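Subject: A structure for you to explore

Hi,

Here is the structure I promised to pass on to you. Have a look at it first, and then read on for what turned up in it.

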Amino acid sequence: MTTERTPLPRTELADLLTDAAQSVSAILTAEYPTTANRSYLHPVLGALSAGPRVACELNDRLEAFVAEEPRPTTPAGLFTLASYAAALGWLTESLAELTTSVDQICTRAGIPTVPQDPDVATPGSAEPDGEFGFAFSALELAAIRTAAEAAGLPPGDYVEVLSESLLTASRITDACMEISSGLLEDAAYVRGAATDRVWIGDGPDSLPTLVRSLLARMDAAE
């Protein structure tokens, strides 16, 4: 005899989205030890290390959520499923872009080639303040030269790859913050509904936050 289970209450559905939001936010605070010869990668290594693990955990939770009996069929359950799936898809795409960008940075820096001799790799023409058109203080120049020497790169090249790394870190930060805030908004909507019959009407404004954001991005790309 099969025992019928009641659908998950909206508080548990909201908790599922809240937990996912916290997991995504944790990517931004993850730390990863960085050696001196790879210091230009420090801005991205934490996210690069933690991101895939978080995505895998979220995927496992999604599969468990869908596999539970009864499967989500209520409006609140389907709304939660749509929000969660959109977040996971967005995160996976963002992590793929992160990996591609880091690979390009590594290629630019000559990884995995043998680092150049610092005496050869730091010609005067590569001084960062001359190449990039803005001035560094004497203390900053000294720090750049020291870091560049440890990385086996000319100072100008070091500044370039570090700048690319910081830009990449900014992109994954923006993505994780938007995903996390979207999940929290949807969690608040599910939790704050008057009844378990949370429903989405026929218009786009009734869709989960991240679904609306993804649709807006698709429209902007066309």
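Let's begin with a single residue: does Thr18 count as buried or exposed? Thr18 has a relative accessibility of 17%, and buried means under 20%, so Thr18 counts as buried. You will find Thr18 in helix α1. Setting aside neighbours within four places in sequence, Thr18 is in contact with Leu184, Ala187 and Arg191. Please keep in mind throughout that this is a predicted model.

**How the helices pack**

Two packed helices are described by the angle between their axes and the distance between the axes. Try this on α3 (residues 75-109) and α7 (residues 155-192). Their axes come within 10 Å and cross at roughly 175 degrees. Angles over 145 degrees count as roughly antiparallel, so that is the word for α3 and α7. Sorted by class, the residues in this contact are 17 nonpolar, six polar and six charged.

Now look at the start of α7, beside helix α6 (residues 138-151). How do the axes of α6 and α7 cross? They come within 9 Å and cross at roughly 90 degrees, which makes α6 roughly perpendicular to α7. On the α6 side, the residues that meet α7 are Ile144, Arg145, Ala147, Ala148 and Ala151; on the α7 side they are Pro155, Tyr158 and Val159. Seven residues of this contact are nonpolar, none is polar and one is charged.

**Aromatic pairs**

How many aromatic pairs does a search of the whole structure find? The search finds two.

One is Tyr40 with Tyr158, an edge-to-face pair with 6.0 Å from centre to centre and 85 degrees between the planes. Tyr40 sits in the loop between α1 (10-27) and α2 (42-67), while Tyr158 belongs to helix α7, so this pair ties together parts that are 118 residues apart in sequence. Both rings belong to buried residues: Tyr40 has a relative accessibility of 1%, and Tyr158 has 6%.

The other pair is Phe79 with Tyr189. Their ring centres are 5.0 Å apart and their planes lie at 50 degrees, so this pair is tilted. Phe79 is in helix α3 and Tyr189 in helix α7, 110 residues apart, which again links distant parts of the chain. Phe79 is buried, at 3% relative accessible area, whereas Tyr189 is partly exposed, at 36%.

**The nonpolar core**

The largest nonpolar core has 48 residues. Which of them touch the most other members? They are Tyr40, Leu41, Leu58, Leu91, Ile179 and Leu183. Two or more residues come from each of α1, α2, α3, α6, α7 and α8 (209-221), and α3 gives the most, with 14 residues.

Ile179 is a good one to click on: not counting residues up to four places away in sequence, Ile179 touches Val24, Ala87, Trp90, Leu91 and Leu210.

Another residue to try is Ile172, found in helix α7. At 5% relative accessibility, Ile172 counts as buried. Leaving aside neighbours within four places in sequence, Ile172 is in contact with Leu28, Ala47, Ser94, Leu95 and Leu98. Ala47 and Ile172 are 125 residues apart along the chain, yet their C-alpha atoms are separated by 7.7 Å.

Enjoy looking around!

Best wishes

Methods:
Residues numbered from 1 in each chain as written. Predicted model: local features only at pLDDT ≥ 70, side-chain atom pairs only at ≥ 80, totals over all residues. Heavy atoms only, no water. Axes fitted to C-alpha atoms, helices over the stretch in contact; angles between N-to-C directions. Helix = DSSP H or I, 4+ residues; strand = E, 2+ residues; numbered from the N terminus. Parallel < 35°, antiparallel > 145°, perpendicular 65-115°, else oblique. Contact = heavy atoms within 4.5 Å. Nonpolar A, V, L, I, M, F, W, Y, C, P; charged D, E, K, R; others polar. Phe/Tyr/Trp six-rings, centres within 6.5 Å; stacked < 30°, edge-to-face > 60°. Buried < 20%, exposed > 50% of the residue type's maximum accessible area, 1.4 Å probe, protein only. Core = buried A, V, L, I, M, F, W, Y, C linked by side-chain atoms within 4.5 Å.
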